[in-house]
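Student: Hey, I'm new to this one. Can you walk me through the model once it's up?

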Number of protein chains: 2
Amino acid sequence: MTRFKSHMDTALAEASAAATRGEVPVGAVLVAPDGHVVAQAGNRTRELNDPTAHAEILVIREGCTRAGSERLPGYDLYVTLEPCPMCATAISAARIRRVYYAAADPKSGGVAQGPRIFSHPQCHHVPEVYDGIGAGEAEQILRDFFAARR
Amino acid sequence: MTRFKSHMDTALAEASAAATRGEVPVGAVLVAPDGHVVAQAGNRTRELNDPTAHAEILVIREGCTRAGSERLPGYDLYVTLEPCPMCATAISAARIRRVYYAAADPKSGGVAQGPRIFSHPQCHHVPEVYDGIGAGEAEQILRDFFAARR
């Protein structure tokens with residue numbers, strides 16, 4: 001198992017844990033330049049009454065607190081769903097090096113569709129983006145969650 | 001003086017206060033449906049080591065905490081600069097009713113330029129947007145801040 005898949009598996013476990021809390025099941029992992037996981041989280045918007053508490057925002061804020069900096073150059077972020085425009089912009093503002101995301105999000109995504117955040121001159125730092133790792137598992141977790149709510 | 005100008009004046013005062021802290025001078029005010037100010041803030045990204053600590057995000061998070069909800073229908077937001085795509089998406093996610101912003105932001109804006117967050121089907125709630133109130137003062141505060149840093 002590659003390290004990419006290992007980190008995405010951690011993010012998928014965070015997504016599943018979010019589902020058990022009644023949160024939209026999305027998980028994220030932040031990896032420091034030395035390869036260590038410095039933060040991992042699932043969505044907590046309902047628990048925290050905070051519409052910005054997406055998994056990506058939670059790991060970026062925790063990583064910045066630990067680093068004592070508002071920027072995280074050389075850090076990589078793994079997330080189970082294509083980031084929304086809010087998270088994609090935060091990823092850029094934090095100067096994240098690489099983003100690995102699993103499932104595409106035609107409904108709310110902001111990277112490969114809709115506002116395509118990284119494609120405009122207003123985006124001052126463009127990370128490398130890799131999609132598809134663990135997409136099948138991520139989609140299944142989301143499908144199960146929404147099927148159970150119908 | 002209209003109430004719109006009064007709330008924007010409060011936001012402008014928050015922008016000036018941010019400048020004295022060495023933060024990019026942007027201020028925001030959140031107004032509840034009953035017309036009362038429930039949160040006001042200036043940027044604190046440096047102080048908090050948090051790239052998401054824009055004025056808009058800070059007032060939305062505080063307003064949600066006070067309301068005990070991740071959504072703020074009927075609330076209005078005043079901000080001295082055109083929201084970036086992160087903040088515009090958070091405004092939509094929070095179901096803010098109206099956004100009043102002062103100065104345009106060709107460099108980093110995400111409402112009237114670049115990703116134009118509210119113009120895509122991936123944006124599930126589109127607030128009413130009014131621009132230009134207090135634009136001259138907001139631009140002057142920004143110009144003074146960046147001139148002093150050169």
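**Around Leu81 of chain A**

Tutor: Setting aside neighbours within four places in sequence, A:Leu81 is in contact with A:Val26, A:Glu56, A:Tyr101, A:Ala102, A:Ala103, A:Ala104, A:Asp105 and A:Leu142. Contact means heavy atoms within 4.5 Å. Before going on: this is a predicted model, where local features need pLDDT of at least 70, side-chain atom pairs count only at pLDDT 80 or more, and totals for chains, interfaces and linings use all residues. Residues are numbered from 1 along each chain as its sequence is written, chains are lettered from A and ligands numbered from 1 in the order in which they are written, and side-chain values use heavy atoms, with hydrogens and water left out.

Student: OK, and where does A:Leu81 lie?

Tutor: A:Leu81 lies in strand 3 of chain A. Helices (H or I, at least four residues) and strands (E, at least two) are DSSP runs, numbered from the N terminus.

Student: Is A:Leu81 buried or exposed?

Tutor: A:Leu81 is buried, with a relative accessible area of 11%. The cut-offs go like this: buried is under 20% relative accessible area, exposed is over 50%, and partly exposed is in between, using a 1.4 Å probe and protein chains only.

Student: What separates A:Leu81 and A:Pro33 in space?

Tutor: Their C-alpha atoms are separated by 22 Å, and the two residues are 48 residues apart along the chain.

Student: Let's zoom out. How many helices and strands are there in chain A?

Tutor: Chain A has five helices and five strands. Along the sequence the pattern reads α-β-β-α-α-β-α-β-β-α.

Student: What does chain A span?

Tutor: Its C-alpha trace spans about 40 × 35 × 30 Å along the principal axes. The radius of gyration of chain A is 14 Å, which agrees with the value near 15 Å for a compact globule with 150 residues. That radius is taken over C-alpha atoms, and the globule rule is 2.2 Å times the number of residues to the power 0.38.

Student: How much of chain A is buried?

Tutor: Buried residues make up 55% of its 150 residues. As for contacts in chain A with a separation of 6 or more, 57% are between residues 24 or more positions apart.

Student: Now the two chains. What turn lays chain A on chain B?

Tutor: A turn of 180° with a shift of 0.0 Å along the axis does it, with an RMSD of 0.0 Å. The two copies are thus related as by a two-fold rotation axis. The superposition is by least squares on the C-alpha atoms of residues with pLDDT of at least 70 in both copies.

Student: Which residue of chain A comes closest to that axis?

Tutor: A:Met86 does, with its C-alpha at 1.9 Å from the rotation axis. The copies meet through the same surface, because 100% of the interface residues of chain A are also interface residues in chain B.

Student: And what about helix 4 of chain A, which residues are buried there?

Tutor: They are A:Pro85, A:Met86, A:Cys87, A:Ala88, A:Thr89, A:Ala90, A:Ile91 and A:Ser92. Eight of the nine residues of this helix are buried, so it is largely enclosed by the rest of the structure.

Student: What do those buried residues of helix 4 pack against?

Tutor: They pack against helix 3 (55–67), strand 3 (76–81) and strand 4 of chain A, together with helix 4 of chain B.

Student: What comes just after helix 4 of chain A?

Tutor: There A:Arg95 takes a positive phi of about 65°. Most residues other than glycine have a negative phi. A:Arg95 sits in the loop between helix 4 (85–93) and strand 4 (98–103), and A:Arg95 is partly exposed, with a relative accessible area of 22%.

Student: What about B:Arg95, what is its phi?

Tutor: B:Arg95 has a positive phi of about 65° although it is not a glycine. Its relative accessible area is 21%, and B:Arg95 is partly exposed.

Student: Last one: where is B:Val99?

Tutor: B:Val99 is in strand 4 of chain B, and B:Val99 is buried, with a relative accessible area of 2%. Beyond its neighbours within four places in sequence, its contacts include B:Leu77, B:Pro83 and B:Ile91.
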